[in-house]
Amino acid sequence: MSVRTRFAPSPTGYMHIGGMRTALFCWLWARRNRGQFILRIDDTDQQRNIDAALGPILDAFRWLGLDWDEGPEVGGPYAPYFQSQRRASYDAALKKLLDAGRAYRDFETPEETQAQREAAEKEKRVYISSRASLSLSNDEVLQRIAEGRAFVVRLLVPRGDKVVIDDHVRGRVEWDCSLMPDPVVARSDGSPLYNFATVVDDAALEITHVIRAEEHLPNTPIQVLLHRALGNKTPEWAHIPYVASPGGKEKMSKRKIDKYRTNPQFQKLFELGDQVLSRIGIDPRSDALSPVMVAYYQQVGFLPAGVLNALVRLGWSLDDQAEFFSLEDMEQKFTLERVIKSAAGLDPDKLLSFQAHWMSQLPASEKLDGCLPFLKKAGLIDDEADPSTRDRVASVIELAGDRLRVFGDIFQLDEFFVVDEDLKIDDKNFQKRVVKPENAIDLLRDLQKRFSNLTDFVAGPIHDLLQGFSAEKQVKVGDVFPALRLCVTGKAQGADLFKSLELLGRECVVRRMDRAIGLAESQRV
RNA sequence: GGCCCCAUCGUCUAGUUAGGUCUAGGACAUCGGAUUUUCAUUCCGGUAACAGGGGUUCAAAUCCCCUUGGGGUCACCA
């Protein structure tokens, strides 16, 4: 029988980075075994707008290149893949349970149940269901139903039994059934609860391996019992650790994002993200996007390969050496047996380092295709980039070299795209290197003249000119280069100065020097 | 609090199943140095961990027990 795994998100409007890691492991295990990966939508909540809430989730899968064999949009032999459309099978299973006496109608009111629970807690004893409704005769039950008395259906937990599983990650885990309350299987309106719907569907879809986050471990005995009561073959289990917040052990959560902002381990990522997002018209402080969501990384300009690599190394390793895995590598090498048991905190630094590695591996043409949308969104180039613009962007990318870790980093070299008037000059350094040094302005004037007369305005000759100039004037290159850089790029540091000058072009360089010299002079008086 | 899970450098991890080859390996981060016109890259080097206590054994990071700590979960949510 071929391996079938599933990922079952509820449509929440965004894809959680931790959920994505779970989904990746599911996908990997299916692919590795040449089985099927299924996307099932757990929407028993009846959301108003499922399409809108599901869209970002599917987008995340598509962005990372994780395809699904069955599920939304693609359908499949076990359709439908939305729990909201599978009610008939839950009703049938419910009837089966009731008929077999494995479940019972509980007429206790929620208040009564709650009171018992509180009483148990007060007396420090374990709460288990009273099962008062179980002593009702068949006729009495029928009568109450006829009277329209509300009831829920509860699974009759076989007290005295044990549930034992052999988890692929955790090994043997067992629970004592005499400690378990009878779980509600169907609400008073007849609709199924999560644990029940999950079990019915996992069986119906012939899921062989339930790979999910550890937080579901407490659900497992209930689901095992349900499978048994229904006469299903129980799937195999693998409870993988959840993704923790950086430097901590708590589950990463969307709601704690403000706390993460103050987390030193998150600093670099937030700085990068804030800088990029603000350039493309997204409010970095908005709740709509945060590092907890997969979309965040896409928006900032991460590569699927970088994100995927970071995710797979969270709780999984191949050996004591390997760090870099392409999706193909993972597919070949992933095993559940090498998934670690303890929770792993997302490490933004390491994520960035994986990202930088995969970016350095990316062919120039793909870097270009990646950067273009960012420059367009920022209004730095036209939406219809003509060939000469594309060439220019390609040259800047080449010049950027390793400085381009994410596509959004292209904004660090915005001096090649802004018009002179919009060029912002780093004032602090400008004061220090241009305004304050007495000879700076004269030197720059002289240099400007020589640039105008240079036959070929390309990196090599510019380099020679600059070297000769500083030798002739008997000044250190450190007194000339930074000042020049500030004038033409506005920045104290950046890519290769000579190539930058060449790319900017003589006219632009001369113009910007003019402007900067004028600025410095006005500030001297 | 009940139930369950977890515990190796700051972080991600290798080593634990079959105890010795572990004076505990790698990566990220960090610190130093080299290269470079700056920054980045690259290269070299350093700092840095078996939570504690008992056993078992010739021998324990590895097996057992306890303690401590961390976490998950306790709904007519998913």
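**Close-up 1. Arg187 meets a phosphate of RNA strand B.** In this predicted model, a polar side-chain atom of Arg187 sits 2.3 Å from a phosphate oxygen of RNA strand B. Arg187 is also among the closest residues to the RNA, a group that further includes Ser10, Tyr242, Gly315 and Arg403.

**Close-up 2. Base oxygens of RNA strand B come up against Ser188 and Asp496.** For Ser188, look to the backbone: one of its polar atoms there is 3.2 Å from a base oxygen of RNA strand B. For Asp496, look to the side chain instead, where a polar atom lies 2.6 Å from a base oxygen of the RNA. If you would like to place the surroundings by element, those giving two or more residues to the surface near RNA strand B are helix 4 (110–122), strand 4, strand 6 (171–176), strand 11 (344–345), helix 13 (348–361), helix 19 (477–489) and helix 20 (497–504).

**Close-up 3. The protein surface around RNA strand B, residue by residue.** Here the view takes in the 57 residues that surround RNA strand B. On the RNA side, sugar and phosphate make up 72% of the strand B atoms that come within 4 Å of the protein. On the protein side, the surface near the RNA has 26 charged, 18 nonpolar and 13 polar residues.

**Close-up 4. An open sheet of three strands, in the order 3-4-7.** The strands of this sheet pair in antiparallel fashion. Strand 3 (103–106) and strand 7 (184–186) form the edges, each of them pairing on one side only. From one strand to the next, the twist averages 45°. Follow strand 4 (residues 152–155) and you will find two bridges joining it to strand 7, with the two running antiparallel. A handy landmark is Arg154, which stands opposite Val184 in strand 7.

**Close-up 5. Helix 3 packs against helix 6.** Two numbers set the geometry of this pair: helix 3 (residues 87–99) and helix 6 (residues 194–204) pack at an angle of about 100°, and their axes are 10 Å apart. The two helices are therefore roughly perpendicular to each other, as angles of 65 to 115 degrees are counted that way. Zooming in on the contact, helix 3 brings Ser89, Tyr90, Ala93, Leu94 and Leu97, while helix 6 answers with Phe196, Ala197, Val200 and Asp201. Sorted by class, the contact has seven nonpolar residues, one polar and one charged.

Methods:
Residues numbered from 1 in each chain as written. Chains lettered and ligands numbered in written order. Predicted model: local features only at pLDDT ≥ 70, side-chain atom pairs only at ≥ 80, totals over all residues. Heavy atoms only, no water. Pairing = 2+ DSSP bridges. Helix = DSSP H or I, 4+ residues; strand = E, 2+ residues; numbered from the N terminus. Axes fitted to C-alpha atoms, helices over the stretch in contact; angles between N-to-C directions. Parallel < 35°, antiparallel > 145°, perpendicular 65-115°, else oblique. Contact = heavy atoms within 4.5 Å. Nonpolar A, V, L, I, M, F, W, Y, C, P; charged D, E, K, R; others polar. Near = heavy atom within 4 Å. Polar contact = N/O pair within 3.5 Å; in protein donor to acceptor, adjacent residues only side chain to side chain.
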